[in-house]
Amino acid sequence: MNKYPDSLASNPELEKRYRLLGEVFEATHDSVMITDAHCNIIAVNKAFTKISGYLPAEVIGENPRLLSSGNHDRSFYQAFWQDLIEKGSWEGEVWNKAKAGHLYLGWLRVSTLRIEKEVYYVGITTDITELHHSRQELEYSAYHDVLTKLPNRLQLYKTLDAMLETANKKNTQVAVLFLDLDNFKHINDSLGHEVGDELLTQICDQVFNENEQDFVARLGGDEFVIIPKLSGRVDFADIAEGYIKSFARSFQVQGNELYSSVSIGVSFFPSDANTSQELVRYADIAMFKAKAKGKNRVEYFKPYMAYAANKRQQIESKFRQALSVGAIDIFFQPQFSVSTNVLSGVEVLVRWYEAELDGWVVPGEFIPIVEGMGLIQELGELVLTKLCAQMKTWLNEGKRFPLVSINVSIFQIERGDFLENFVRIIESYDLKPNMFEVEITESALMLGKKKVLDTLAQLRDLGVVIAIDDFGTGYSSLSYLAKMPVQRLKIDKMFLQNLDVASNNAVLVRMIIALGNTLGINVIAEGVETQAQLEFLQSAGCAQSQGFYHSRALPAEDFERYLSQEMDGVIEEKAF
Ligand code: C2E
Ligand code: CA
Ligand code: CA
């Protein structure tokens, strides 16, 4: 400030203080501007020059309007003046334009100053552009995925909601594509998360950024939702197939040549659903179906798929409870010697009674889900414990029973200490390993997992009989079979159907039986429903038979009547 008010000139004390104020004025970090009553700028400080780029000489005498950014409308200035006049001050965020042309955001406080009847306006501006940027970054990160920078779930729903609103007004369709990589988990598990992450980044750069006309969001993991912008484009089906084709290529990641096909599920607004949440869920369900049908394909949502998914959800939500409240029970299906028709064994099948799911839920439906939930070990231990308690009761009552067969999922062996738990449980009921048979499916065995094969060999060494379940469906080779620790084959029930018509089934069953007899492996047929089937098995030399023709799986008290009959293959001397 260069002009001293006249009254100060003769007062050195005041003059000193005035100088001090001048220093403060210049040194402060905030930009300060003083105007007269007509809004002509009469003074600015160094910080003003630093922030705005204008030297004092360039602005003195000018109207502050020269900083105007164009970002504020008339009502903004009206409110500003109203406050200033009524309250004597105003504060708020203001966008200004610097001399160089860029905009900056300031927190401006303006107050009215009256000195000897003169009115001045003093504006102090704190630069908050940085704050604004970090606020923006925060907002950006709330709506974007950190790894790929793609919009995230929140942004997806925001965008989709808006698109549905527009489509609703214009009476148009919206397609939601749910895309999931087919072998991402395998890549992650075998090559590490870093490779997995880089693969995702490359996919975004090389596939999604190529299709800029589509909105792509990452839901997490390897799940993406794509909403094609349709205007001028041909067909939804072409777009979805286009994505399948885009993934028929390799990605170079840290020296690895990686391939990953994708499965895509599609749902439509308004025919399938009219909310964002439902559309995404239905597309997800259709994607699941695409996986089940063999992956690397597109599947369109159909209402029946929601029914299956619902059932799955219900099972998931009820099963944990079922484990703890004792809703899980075991049934017994007897097996018979084909030549003598006497009881030769029994298979234990788990049953779950759930009133809210229409009564008995069959294991074929819930076992795969329970495996997915990671609860199969607990279920297996529960089944074995119940079984041992029942066997102990029979023994105490003086009843004899044949070989008792249990089904074991490979997850029970892979993920836990199956052998230790098995031994612990049966020993706590004073039962012996040679009273039991363990059934494992052929397809599981064919994976050739070392832990599984080792555990089965150890079980066999303890005296447990090892059986291959659902034999004939896993395409195992003969040489492979001979190396397995296996004493029994269960021919899958599929092969027992259509034995009389011109199918290959009769030939296959004869071959399996002959094969078993050659290798010294006992053969049992399951799913025997008719007299004709049994007669065929007799003629083919099959040792044992199990199925509805003889009996369905029964609760313990109903099964007991078979125990009083003559028995083949009793615990002391097995039939094979
Ligand atoms: P699986 O081991 O192949 O069991 C035979 C299935 O065929 C049983 O179905 C049985 O009820 C059914 N069945 C028996 N005789 C006939 C017949 O004559 N005709 C027809 N059409 N079906 C017949 P379920 O009880 O629904 O069991 C399905 C699968 O669930 C079983 O297939 C087995 O893999 C699994 N499972 C059952 N209990 C357990 C268990 O305690 N633990 C484990 N891990 N899996 C189990
Ligand atoms: Ca079985
Ligand atoms: Ca079976």
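**Aromatic rings, calcium ions and a buried strand**

One aromatic cluster is formed by F76, Y77, F80, W81, W90 and Y121. The chat below goes through this predicted model.

Biologist: How many aromatic pairs are there in the model?

Modeller: The count comes to 25 aromatic pairs.

Biologist: Take F336 and Y562. What kind of pair is that?

Modeller: The ring centres of F336 and Y562 are 5.6 Å apart and the planes are at 65°, so the pair is edge-to-face. The cut-off for that label is an angle over 60 degrees.

Biologist: And where do F336 and Y562 lie?

Modeller: F336 is in strand β13, residues 328–337, and Y562 is in helix α21, residues 556–563. The two parts are 226 residues apart in sequence, so the pair ties together distant numbers in the chain.

Biologist: Are they buried or exposed?

Modeller: F336 has a relative accessibility of 6% and counts as buried. Y562 is buried too, at 7%.

Biologist: Which charged residues sit over rings?

Modeller: Among them are K158 and R552. K158 lies over the face of Y143, 4.2 Å from the ring centre. R552 has its charged end over the ring of F548, at 3.9 Å from the centre.

Biologist: New topic, calcium. What are the protein donors of ligand 2?

Modeller: The calcium ion (ligand 2) has E347 (OE), N407 (OD1), E439 (OE) and D469 (OD) as its protein donors, 2.1 to 2.3 Å away. Along the sequence their spacing is E-x59-N-x31-E-x29-D.

Biologist: Where are N407 and D469 in the chain?

Modeller: N407 is in strand β16, residues 403–407, and D469 is in strand β18, residues 465–471. They are 62 residues apart, and the pair links distant parts of the chain.

Biologist: How exposed is each of them?

Modeller: N407 is partly exposed, with a relative accessible area of 32%. D469 is buried, at 7%.

Biologist: What coordinates ligand 3?

Modeller: The calcium ion (ligand 3) is coordinated by D469 (OD), D470 (OD) and E526, which is listed twice through OE, at 1.9 to 3.0 Å. The donor residues are spaced D-D-x55-E in sequence.

Biologist: Which residue bridges ligand 3 and ligand 2?

Modeller: D469 does, and the two calcium ions lie 4.1 Å apart. In the ligand 3 site, D470 in strand β18 and E526 in strand β20 are 56 residues apart, and that pair also links distant parts of the chain.

Biologist: And the exposure of D470 and E526, what is it?

Modeller: D470 is partly exposed, with a relative accessible area of 23%. E526 counts as buried, at 7%.

Biologist: On to helices. Which residues of α15 are buried?

Modeller: In helix α15, residues 418–428, the buried ones are F418, L419, N421, F422, I425 and I426. Down the helix axis they fall within an arc of 165°, so they line one face of α15.

Biologist: Why would residues a few places apart share a face?

Modeller: An α-helix has 3.6 residues a turn, so residues three or four places apart point the same way.

Biologist: What is on the other side of α15?

Modeller: E427 and S428 are exposed there. The buried residues of α15 pack against α13 (376–396), β16, α14 (410–414), β17 (436–441) and α17 (450–462). After α15 comes D430, with a positive phi near 55°.

Biologist: What about α20, which residues are buried there?

Modeller: Helix α20, residues 531–540, has Q533, L534, F536, L537 and A540 buried. Their arc, seen down the axis, is within 160°, so they line one face of the helix. Their cover includes α19 (505–519), β20 (522–526) and β21 (544–546). G541 follows α20 and has a positive phi, near 80°.

Biologist: Last one, strand β14. How many of its residues are buried?

Modeller: Eleven of the twelve residues of β14, residues 343–354, are buried, so the strand is largely enclosed by the rest of the structure.

Biologist: What does β14 pair with?

Modeller: With β13 the pairing is antiparallel, over nine bridges. P334 has V346 in β14 as its bridge partner. β14 runs parallel to β16 with three bridges, and G345 stands opposite L403. Three bridges also join β14 to β15, residues 359–361, in the antiparallel sense.

Biologist: And the turns, which residues have a positive phi?

Modeller: The β13 and β14 hairpin has five residues between its strands, and N341 in the turn has a positive phi of about 60°. The β14 and β15 hairpin has four residues between its strands, and D358 takes a positive phi near 60°.

Notes
Residues are numbered from 1 along each chain as its sequence is written. Chains are lettered from A and ligands numbered from 1 in the order in which they are written. This is a predicted model: local features need pLDDT of at least 70, side-chain atom pairs count only at pLDDT 80 or more; totals for chains, interfaces and linings use all residues. Side-chain values use heavy atoms; hydrogens and water are left out. Rings of Phe, Tyr and Trp (its six-membered ring) pair if their centres lie within 6.5 Å; planes under 30 degrees apart count as stacked, over 60 as edge-to-face and the rest as tilted. Buried means under 20% relative accessible area, exposed over 50%, partly exposed in between (1.4 Å probe, protein chains only). A charge sits over a ring if NZ of Lys or CZ of Arg is within 6 Å of the ring centre and within 35 degrees of the ring normal. Donors are N, O and S atoms within 2.8 Å of the metal (3.2 Å for Na, K and Ca); water is not among the atoms, so sites may look incomplete. The arc is that of the directions from the helix axis to the C-beta atoms. Contact means heavy atoms within 4.5 Å. Two strands pair if DSSP finds at least two bridges between them.
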